Amino acid sequence: MGYGGKPNGRKGDVMIINDHGRGHLRILQLHLGGDRNFQYLLADARTGEAVAVDPGFAPSRMLAIAREQGLTIGQILITHGHSDHQGGAVELAALTGAVILAGDPGDLAGAEPLADDQLLRLGGLVVRALATPGHAPDHFCFMCQDCLLTGDLLFCGKVGGTGPYFPGSSAGQEWESLQRLLLLPPETRIYPGHDYYGGQGTMPFSTLAFEQEHNPFLTSGGFEAFCALKENWAEYKEEHGIR
Ligand SMILES: [Fe+2]
């Protein structure tokens, strides 16, 4: 890893992958199941108020971690409606009384819809919801201070899948959403929805500047090249030894 962070290692049953302290903001990056899924607890360290992001798996374990850390989950945020990101949300809401906010509340009982640029209070901090369709039509990213949770829009070294396997997805919208992210300060730290980095070592988080320089989808040179890389991704991965 090229910068900062406190990696706790990836061996065995480690659930807290990283505890990113950023001033008053706490970011707990958790692995609790799925296809290298990351789910998150964001909290104001001063008040212990927390939001759970993408509780796809093991809601009771997520709650136990929050309690161990002295955090109270008051809101549940969903980056998009794929089951590996929201599968445990209703149960976590029942366990905590927290409200669920999602781009498409769909069949999440009691959930409220998110609006683009909606501001959410997190103790004395603010979380900004950014509509970022592409991988899924209801996709949102969440920004707090200089940290951006990117769901399945932008990973370390990759971007979210689009095409027939992902209903409602759009490579064009994904491209536009990525351009929107790139207007944010380059030092913005990104925390993805999956641990999909396939390069040497580990990279559970990154920065926009790093991705702009190294992510092949962002260095491809334009929308047509972006689409061409998507078409040829299997070959590109094999050629470059990417998992
Ligand atoms: Fe997804």
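Strands β10 and β11 run antiparallel and are joined by 3 bridges. They belong to an open sheet of 6 strands, and a second open sheet has 7. The model is predicted: local features need pLDDT of at least 70, side-chain atom pairs count only at pLDDT 80 or more, and totals for chains, interfaces and linings use all residues. Residues are numbered from 1 along each chain as its sequence is written.

**Overall form and confidence**

- The protein has 7 helices and 15 strands. Helices (H or I, at least four residues) and strands (E, at least two) are DSSP runs, numbered from the N terminus.
- The radius of gyration is 17 Å, which agrees with the value near 18 Å for a compact globule of 243 residues. It is taken over C-alpha atoms, and the globule rule is 2.2 Å times the number of residues to the power 0.38.
- Along the principal axes, the C-alpha atoms of the protein fill a box of roughly 45 × 35 × 30 Å.
- Of the 243 residues, 44% are buried. A residue is buried if 20 or more other C-beta atoms lie within 10 Å of its own, exposed if 12 or fewer, and partly exposed in between, with C-beta atoms placed from the backbone.
- Among contacts with a separation of 6 or more, 53% link residues 24 or more positions apart. Two residues are in contact if their C-beta atoms, placed from the backbone, lie within 7 Å.
- The average pLDDT is 92, and 94% of the residues score at least 70. Over residues 1-12 the pLDDT is below 50, and this stretch has 20 contacts in the model beyond near neighbours in sequence. pLDDT is the predictor's confidence in each residue, from 0 to 100.
- Where pLDDT is low, the predicted coordinates should not be read in detail.

**The 6-stranded sheet**

- Its strand order is β8-β9-β10-β11-β14-β15, with mixed pairing. The edge strands, β8 (119-122) and β15 (206-207), each pair on one side only. Two strands pair if DSSP finds at least two bridges between them.
- Strand β9 (residues 125-131) runs antiparallel to β10 (residues 140-144), with 5 bridges between them. Ala131 has Phe140 in β10 as its bridge partner.
- β10 and β11 form a hairpin with 2 residues between them. Gln145, in the turn, has a positive phi of about 50°. Across this pair, Phe142 stands opposite Leu149 in β11.
- In strand β11 (residues 147-151), 4 of the 5 residues are buried.
- On to strand β14 (residues 189-192), the pairing with β11 is parallel, over 4 bridges. Here Leu149 has Tyr191 as its bridge partner.

**The 7-stranded sheet**

- The order is β1-β2-β3-β4-β5-β6-β7, again with mixed pairing. β1 (16-22) and β7 (112-113) are the edge strands, and each pairs on one side only.
- β3 and β4 pair in the antiparallel sense over 4 bridges. Ala43 and Ala50 in β4 are bridge partners.

**Tyr40 and the core**

- Tyr40 lies in strand β3 (residues 39-44). Tyr40 is buried because 25 other C-beta atoms lie within 10 Å.
- Beyond neighbours within four places in sequence, Tyr40 is in contact with Ile27, Leu28, Gln29, Leu30, Val53, Asp54, Leu149 and Tyr191. Leu149 and Tyr191 are bridge partners in the 6-stranded sheet.
- Tyr40 and Asp54 are 14 residues apart in sequence, and their C-alpha atoms are 6.8 Å apart.
- The largest nonpolar core has 59 residues, of which Tyr40, Leu41, Leu42, Val51 and Ile76 touch the most other members. A nonpolar core is a set of buried Ala, Val, Leu, Ile, Met, Phe, Trp, Tyr and Cys residues joined through C-beta atoms within 7 Å.

**Two helices**

- Helix α3 (residues 89-96) has Ala89, Leu92, Ala93 and Thr96 as its buried residues. Seen down the axis, they fall within an arc of 100°, so they line one face of the helix. The arc is that of the directions from the helix axis to the C-beta atoms.
- The cover over these residues of α3 includes β4 (49-53), α1 (59-68), β5 (72-78), α2 (83-86) and β6 (99-102).
- Gly97 follows α3 and has a positive phi, near 80°.
- Helix α7 (residues 233-240) is hardly covered: 0 of its 8 residues are buried. Just after α7, Gly241 takes a positive phi of about 65°.
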